Structure formats: C-alpha cells, structure tokens
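Open the model in your viewer and keep the sequence panel visible. The tour goes from one selection to the next and says what is found at each stop.

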Amino acid sequence: MIRSAALLAALGAGWIAAWQLGLREVDQSPAYGLFITALLGFGLYASTSGIVIAEFRKQLRVVVLAVTLGVLAKVALIFGVMFFVFRDPNHLILAVAVAQIDPLSVAAMRAKSKMSDSAKALLSAWASFDDPITVLLTVYITTFALQGGTVGGAGSFAVNLVLNLALAGVAFMLWTLVRGRVRRAESGGRLVRYSVRAAMVVVVLAIGFVAVQYALLLALALLGLFFRPNLGRWVDGLAEAGMFAAIAAVGLVLAAEFSWALAAVGVVLGVAAFGAQAVVAVVLTVPKRWRGDRMRLALGQQNGLTAIILALLLEPTFPGSIAVVAPAVVVVNLLNATTNGAYDRLRPPKPAREPVRKAKPQLHVRQPATAPPVAAFPQVKPMP
C-alpha cells in the first residue's frame, strides 16, 4: 500500500507540474517519446537480467504458452467484459493495450516478492516477452479497424523483428568472445572486477542507445538473458526509480486528456485486465509443482509503461486512449498491491516442522567371555 500511495503521489506531481507550467500536448514531444521508450527498454532489460536461467529453461514451455496463447486468451477475456458493459467494438484495441504484464513493475517488485525462483523466472519472462506480441496485435487490429490505415503493417513489423534479432545476434557474438575473460576477471582483485563490470555497463548502454534510437526493444529483452554485469541490487533500485519517473510522466499527459467518463471506462478496463490474468494464470499453472505459487501468479498482473506507450501510439487514431488506459494502469496496480497484501496476511502460515530427535547411541558393553566348562574328572577314591 505504501508503494501504491507513492505511485499516486508521483502521478499527482506530474499532473500539478503540467498545470503549473502550462504544459500541453506533452506526448507529442520527441523528447517525451524518447524518454518513455528508454524507460520501456530498461524495464525489459532489467526484467530479463533478473531471470534465473536454469529456471527459465525449465519453464520455457510455459513461457511460450503464456506469451502466445495466454496473451490471446487475455485479450479475448478483457474485450468480452468491455463489450458486455459498453457495446463498443473499438474497445478491442484497449484490451490489447493492457493485456501484457509490465516488465518494469515486475523488475521493481522482484526483490520483495515471496515467490519461488521458478515463479519469479516465469513471471519475469512472461512480462518481458509478451510485449512484442501485444505490439503485433495492436498493429494488426488497428490496421483492420482502419481498413488499411497508416498505423503500420506486417511488412514493417517483419523488418523490425529482423533488426531486433540482428542486434541481439551481434551482442551475443560479442559476449561469446569476452565471457571467458570476464569470468576469469571476476576471480581477480577488486580493481580488476570493477573495471570489467564498468566496461560491460558501457557496452550495455551502447547497445541500449542503438535499441532505443531505432525502437529495437526486443533486442534489449534478449540482451538481458546473457549480457549481465554483476551490479548487485542496483538494477532493481533503478527499475523502481524508473517506474516512479514513468508514472510522473503519465501525470503530465493526463493533465490535458482526463475526463471522468473516460476514467470510468478505464476502471472497468483495469478490473477486467486483472481478472483475465487470474484466469489465464490458473489454467497455465495446473501442474502440482506450481501449487505454492499459483495464487501469486494469478495476482501478478501489473501494467505500466508498455500500456502507456501503446496508448500513445493509438491516441492520434483513437482519441481518448490515454485517458482510458492511464486510469486502468492505476486500478491494476492498486488491485495488485491490495490483493497480494491481503493474501500475505490471510494465507495460513506453513506448519513448523518438528525437530527430528536423534536416537541416543546405545552403549554396547562388551561382556567378558565365559570360561569354557571344566571337564569333569572321575572321582579318585582314596587309597586304603
């Protein structure tokens, strides 16, 4: 709840700053677009860089299902609720915008989460790799809605995908060349370790600059799976700061776009998105191995920068997208905080295991060997 209150305060700070400074149409600024794209890219990298690779490999099948069929199922469920309430087919676009899990939010909460390593790996990978699927759906559905509009198309997406894979491939080739030296340096002195880590950070920043400049964010998600400077908890701390900066930026936009009618639509959208995650997560985690984490994964929906960026993409074509999606993001994150907090309080504690009492060793006293029986001699009669 404290974190949610702080996020609301950041949102209010951005809103007040926009009114006091007279800022209008902030989302049309190139600097704003570059800023939120950089935050999204960092969120993707932070999320995947925290994945336990061994656990990720074990959960690869579930991750693939989650970011493909899972995303489609969530879109269908969210749109079903929206159409039932408002009877507006254009809400399908908004359902796509909030169907993913925000990687920046997941990266920020990872250190505090009580999930197992397997569940953290699943949720982080889910959050990192469902973004390209929702972007693809946004492009196709928007193009279909406009009947050949100029929002985008399959060709541009295919080119973008190839460029993403090419950049990630170059980074992986570079990593294969230096990883042996990096591992040897980690066993050296402190100065050597810090120098190598600083060099790796510079490489990551350089690749990140190219990725953000040309919107190749999938490459950053792939980069986090292998190019990982050992920075301790700095990545999680920066992810938390990035989330607050993003919410403040949302406040700047909402100052000019907000209306109570659209906010009401956003509330329904947020509730539908949170409920859709619960349904899909329960279905995907049927095996017994997820029994301890099933509820936390069901309550794991979070929205943030990805939904906002997709709303910014849709705003020129579907006015009011920002004013609907932003309240939905707030509602989803409030539901995440309240439900997980309630689950932590109401969940029965695990029964304490009784200490196993070790049996005291038995002292075996060696018994003295019994003397063999003495042979009976015939009684000798005395001489007369």
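Select helix 13, residues 260-284, together with helix 16, residues 321-346; in this predicted model their axes come within 7 Å and cross at roughly 45°. Angles from 35 to 65 degrees are neither roughly parallel nor roughly perpendicular, so helix 13 is oblique to helix 16. The crossing of the two helices is right-handed.

Now show the side chains where they meet. On helix 13, the residues to pick include L262, V265, L269 and F274. On helix 16, the residues in this contact include V324, P327, V331 and L335. Sorted by class, the contact between helix 13 and helix 16 has 15 nonpolar residues, four polar and no charged ones.

Next, select helix 10, residues 190-213. From the first C-alpha to the last, this helix of 24 residues reaches 34 Å, close to the 34 Å expected at 1.5 Å a residue. Which residues of helix 10 are buried? They are V196, R197, M200, V204, I207, G208, A211 and V212. An α-helix has 3.6 residues a turn, so residues three or four places apart point the same way. Step just past the end of helix 10 to A215, where phi is positive, at about 55°.

The last stop is A249, in helix 12, residues 234-257. Is A249 buried or exposed? Its relative accessibility is 5%, so A249 counts as buried, the cut-off being under 20%. Apart from neighbours within four places in sequence, A249 is in contact with Y32 and F35. Finally, add L305: its C-alpha atom is 9.9 Å from that of A249, and the two residues are 56 apart along the chain.

Key:
Residues numbered from 1 in each chain as written. Predicted model: local features only at pLDDT ≥ 70, side-chain atom pairs only at ≥ 80, totals over all residues. Heavy atoms only, no water. Helix = DSSP H or I, 4+ residues; strand = E, 2+ residues; numbered from the N terminus. Buried < 20%, exposed > 50% of the residue type's maximum accessible area, 1.4 Å probe, protein only. Contact = heavy atoms within 4.5 Å. Axes fitted to C-alpha atoms, helices over the stretch in contact; angles between N-to-C directions. Parallel < 35°, antiparallel > 145°, perpendicular 65-115°, else oblique. Left-handed = near helix turned anticlockwise from the far one by under 90°. Nonpolar A, V, L, I, M, F, W, Y, C, P; charged D, E, K, R; others polar. Expected span 1.5 Å × (residues − 1).
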